[in-house]
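Colleague: I would like to go through this model and ask how each label was earned. Please show it first.

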Amino acid sequence: MALYPEIEPYDHGLLDVGDGNRVYWETCGNPHGKPALVLHGGPGSGCTPYFRRLFDPAAYRIVLLDQRGCGRSTPHASAYETDMSVNTTAHVLADLELLRRRLGIGRWLVWGLSWGSVLGLRYAQTHPGVVSELVLTGAATGSNAEVALLTRGLGRIFPEAFERFVGELPPAERDGNLAAAYNRLIESPDPAVRARAARAWTDWETATIPAAPRSVEWFEDPVFRMGFARIVTHYFGNDHFLGEGNDEGVVLRDAPSLKGIPGTLVQGSLDFGNLLGIVWRLHHAWPGSELAVVDEAGHDAGAPGVTEALVAATDKYAYE
C-alpha cells in the first residue's frame, strides 16, 4: 500500500500572524516524531487530508497549514474587503517561522507541491538552519518565464481554450502580463466582473493542467474559486513577490546555496512545467539533490507512481 492510513489531527488552532490574519494549522501523527511541514500549492489551494497520508504517522509529527487567505485561515481571499497587500511571499515565510516557534520546533523536513515547492525552496534558502530536508513535487521556482509559459505559452498547445481565456480580457490587456490583467478584473468593485474573471481563470487552469477530480470539484465552489483565482493571479502578476529581475528566477539562481540540505524532487514526465527544463536545471544546480521522474504522470501529487515516490522519500528521511 502506497499511502499510510487516514489519520486525524491531535491538535490544531488559528495562529495570529498579524495584519488581521489568522492562519489555520494542525498537527498529526506522533507528537514526539520528526517534524515535517507541508506546504500546499496554488497559491491558494489549501491543505487536504491526503497530504497527511504521505508520512509514516509513527515516525513523523506532521504539520499542515492553510496559507494566508485560503482554506480555514481568515480572512478569506474570496471576500472583496480582504487586504491582499499583506499576502506576499515575505509574509508567508514569516508565518512559517512564527508557527515553527509556536510549536517549539527546531528543524523540520519541508514538503511542497507546485507553489509549495517554490515556497519551500525559498524558505530553505533564506532560513537554511531550520530545514533538515526537502521533498518537492510538481516542482517550480516561481520565475516569470514559468508564469509566461502557464498563461501564454500553453496557448499554442490549447488554442481553443486560450482563445476563450484571452477573450475575457479587454482588448488593450491581451498583450501584456495576462495574470496581472486577470487580477485587475478580480479586484474590480463589480461583483459580476470578479465572478466572471475567476471562472475564466479556473477554466483555463482546468484546460491546461489535467486536474484530479477533486480539483475540478473545488473549482465548482464559488468561494473556493474566487479565493483561489484572486490569490494565484495576485502572485503570478507580481513576480511571486520574489523581487526584481525574476525573469529566470531568484530561486533557481540561489539553488547552489541549498548545498548541505538533502532533497528529493519527484516530477511527472508529462508535467507541462517541464517544457522549460526547470526541474532538471534545479536538480543540477542543487548539490546532493535527487530527481525521480515518473513516466505518464503530470502535475498531480496523487498520480500513480508519484504517490509511491513521495512516500519512499519521506520514509527515507524519517529517521535521519
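**The annotated residues**

Modeller: This is a predicted model. According to the unreviewed UniProt entry, the "active site" annotation covers Ser-114, Asp-271 and His-299.

Colleague: How do you know that they gather at one spot?

Modeller: They span 186 residues in sequence, but no two of their C-alpha atoms are more than 10.7 Å apart, so they gather at one spot. Ser-114, Asp-271 and His-299 also belong to the lining of the largest cavity.

Colleague: Why is Ser-114 called buried?

Modeller: Buried means under 20% relative accessible area. Ser-114 has 15%, so Ser-114 is buried. Ser-114 sits in the loop between β5 (108-113) and α2 (115-126).

Colleague: What is Ser-114 in contact with, leaving aside its neighbours within four places in sequence?

Modeller: Contact means heavy atoms within 4.5 Å. With those neighbours left aside, Ser-114 is in contact with Gly-41, Thr-137, Gly-138, Ala-140 and His-299.

Colleague: Does the label for Asp-271 rest on a value too? What makes Asp-271 count as buried?

Modeller: Its relative accessibility is 6%, which is under 20%, so Asp-271 counts as buried. Asp-271 is placed in the loop between β7 (263-268) and α10 (278-285). Not counting residues up to four places away in sequence, Asp-271 touches Gly-138, Ala-297, Gly-298 and His-299.

**The cavity**

Colleague: How many cavities of 30 Å³ or more does the structure hold?

Modeller: There are 2 cavities of 30 Å³ or more. The largest cavity holds about 900 Å³ of space.

Colleague: What makes that space a cavity and not a pocket?

Modeller: In a cavity a 1.4 Å probe fits but cannot get out, whereas a pocket is an open set, so the label turns on whether the probe can leave.

Colleague: Which residues lie nearest the centre of the largest cavity?

Modeller: Its lining has 50 residues, and Gly-42, Ser-114, Glu-205, Ile-209 and His-299 lie nearest the centre. Helices α2, α3 (144-151), α6 (191-208), α7 (213-219), α8 (222-236) and α10 each supply at least two residues of the lining. The largest share, 5 residues, comes from α3.

**The chain and an enclosed helix**

Colleague: How do you know that the chain is as compact as a globular protein of that length?

Modeller: The chain has 11 helices and 8 strands. Its radius of gyration is 19 Å, close to the 20 Å that the globule rule gives for 320 residues, so the chain is as compact as a globular protein of that length. Of the 320 residues, 57% count as buried.

Colleague: Why is helix α5 called largely enclosed?

Modeller: Helix α5 covers residues 178-186, and 8 of its 9 residues are buried, so α5 is largely enclosed by the rest of the structure. Among the buried residues are Leu-178, Tyr-182, Asn-183 and Ile-186. The cover over them includes α3, α4 (159-167), α6 and α8.

**Single residues**

Colleague: What makes Lys-259 exposed?

Modeller: Exposed means over 50% relative accessible area. Lys-259 has 64%, so Lys-259 is exposed. Lys-259 is found in the loop between α9 (250-253) and β7. Lys-259 and Trp-286 are 27 residues apart in sequence, with 6.3 Å between their C-alpha atoms.

Colleague: Why is Phe-241 called partly exposed?

Modeller: The value for Phe-241 is 27%, and partly exposed lies between under 20% and over 50%, so that label applies. His-240 has a relative accessible area of 4%, under 20%, so His-240 is buried. His-240 is in the loop between α8 and α9, and Phe-241 is placed in the loop between α8 and α9 as well.

Colleague: What is the phi of His-240?

Modeller: Phi of His-240 is near 55°, a positive value in a residue other than glycine. Phe-241 has a positive phi of about 55° and is not a glycine either.

Colleague: Which residue of helix α1 is in contact with both of them?

Modeller: Thr-89, in helix α1 (residues 89-102), has His-240 and Phe-241 among its contacts, including also Trp-115 and Tyr-235. At 3% relative accessibility, under 20%, Thr-89 counts as buried.

Definitions and conventions. Residues numbered from 1 in each chain as written. Predicted model: local features only at pLDDT ≥ 70, side-chain atom pairs only at ≥ 80, totals over all residues. Heavy atoms only, no water. UniProt positions renumbered as here; feature names shortened; annotations may be inferred. 1 Å grid on protein atoms, 1.4 Å probe; cavity = no way out; pocket = protein on both sides within 12 Å on 5 of 7 lines; lining within 4 Å. Helix = DSSP H or I, 4+ residues; strand = E, 2+ residues; numbered from the N terminus. Buried < 20%, exposed > 50% of the residue type's maximum accessible area, 1.4 Å probe, protein only. Rg over C-alpha atoms; globule rule 2.2 N^0.38 Å. Points joined across faces, edges and corners; volume = space filled by probe spheres on them.
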